[in-house]
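Colleague: I have the model open and would like to talk through it with you. Could we start with the surface and then move inwards?

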Amino acid sequence: MTINVTVPDGVYRQIAELAARQQVSVERIASAALTEQLSGWARVEQMAERASREHFLAALDKVPPAEPAPEDRI
């Protein structure tokens, strides 16, 4: 399948430079980047499906109340 995508000039330059260094086409780099991004989104969705607000709140209840360390204060 073929799609046309508009990207900022700077992004295209980065893709083109990487493609040249790797001796592959710009299309191959763009396809690999899209595939990786989709995989990441799928993983986040899988984790969200397993998540439970009740489990999250139960975990928070186990955290003792304490002031942040001086180096962690804003």
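Modeller: Gladly, and one definition helps at the start: a patch is made of residues with over 30% relative accessible area and no salt bridge, and nonpolar side chains are joined into one when they lie within 5 Å. Please also keep in mind that this is a predicted model.

Colleague: Fine. Which residues form the nonpolar patch on the surface?

Modeller: The patch consists of Met1, Ile3, Val5, Val7, Val11, Tyr12 and Leu34, and together these residues have about 760 Å² of accessible area.

Colleague: Take Val5 from that list. Where is Val5 found, relative to α1? And is Val5 exposed or buried?

Modeller: Val5 sits in the segment before α1, the helix that covers 9-22. Val5 counts as exposed because its relative accessibility is 56%, and the cut-off for that class is over 50%.

Colleague: Let's go to pockets. How much space lies in the largest one, and which residues are nearest its centre?

Modeller: The largest pocket holds about 550 Å³ of space. Its lining is made up of 16 residues, and those nearest the centre are Val5, Glu27, Ala30, Ser31 and Leu34. Two of these names, Val5 and Leu34, also appear in the nonpolar surface patch.

Colleague: Which helix gives the most to that lining?

Modeller: That is α2, with eight residues. Both α1 and α2 (26-50) supply at least two residues each to the lining of this pocket.

Colleague: And what is the make-up of the lining by class?

Modeller: Eleven of the lining residues are nonpolar, four are polar and one is charged.

Colleague: Now for charges. How many salt bridges does a search of the whole structure find?

Modeller: The search finds one, and it joins Glu67 to Arg73, with the closest N and O atoms 3.8 Å apart. A salt bridge needs the side-chain nitrogen within 4 Å of the carboxyl oxygen, so this pair qualifies.

Colleague: How exposed are the two partners, Glu67 and Arg73?

Modeller: Glu67 is exposed, with a relative accessible area of 62%, whereas Arg73, at 47%, counts as partly exposed.

Colleague: Changing topic, what about the backbone: what is odd about the phi of Gln23?

Modeller: The phi of Gln23 is positive, at about 60 degrees, although this residue is not a glycine. Gln23 lies in the loop between α1 and α2, and with a relative accessible area of 74% it is exposed.

Colleague: Before that loop there is Ala19, in α1. Is Ala19 buried or exposed, and how far is it from Ile29?

Modeller: Ala19 belongs to helix α1 and is buried, since its relative accessible area is 2%, where buried means under 20%. Ala19 and Ile29 are ten residues apart in sequence, and their C-alpha atoms are 6.3 Å apart in space.

Colleague: And further along the chain, what separates Ala59 from Arg28, and Ala66 from Val26?

Modeller: Ala59 and Arg28 are 31 residues apart along the chain, with 43 Å between their C-alpha atoms. For Ala66 and Val26, 40 residues apart along the chain, the C-alpha separation is 52 Å.

Colleague: Where do those two alanines sit, Ala59 and Ala66?

Modeller: Ala59 is in helix α3, residues 53-61, and is partly exposed with a relative accessible area of 43%. Ala66 lies in the segment after α3 and is exposed, its relative accessible area being 65%.

Notes. Residues are numbered from 1 along each chain as its sequence is written. This is a predicted model: local features need pLDDT of at least 70, side-chain atom pairs count only at pLDDT 80 or more; totals for chains, interfaces and linings use all residues. Side-chain values use heavy atoms; hydrogens and water are left out. Patches are made of residues with over 30% relative accessible area and no salt bridge: like charges are joined within 9 Å, nonpolar side chains (Val, Leu, Ile, Met, Phe, Trp, Tyr) within 5 Å. Accessible areas come from the Shrake-Rupley method with a 1.4 Å probe; for residues, only the protein chains shown count as cover. Helices (H or I, at least four residues) and strands (E, at least two) are DSSP runs, numbered from the N terminus. Buried means under 20% relative accessible area, exposed over 50%, partly exposed in between (1.4 Å probe, protein chains only). On a 1 Å grid over the protein atoms alone, a cavity is a set of points where a 1.4 Å probe fits but cannot get out, and a pocket is an open set with protein on both sides within 12 Å along at least five of seven lines; lining residues have an atom within 4 Å of a point. Grid points are joined across faces, edges and corners, and a volume is the space filled by probe spheres set on the points. Ala, Val, Leu, Ile, Met, Phe, Trp, Tyr, Cys and Pro count as nonpolar, Asp, Glu, Lys and Arg as charged, and the others, Gly among them, as polar.
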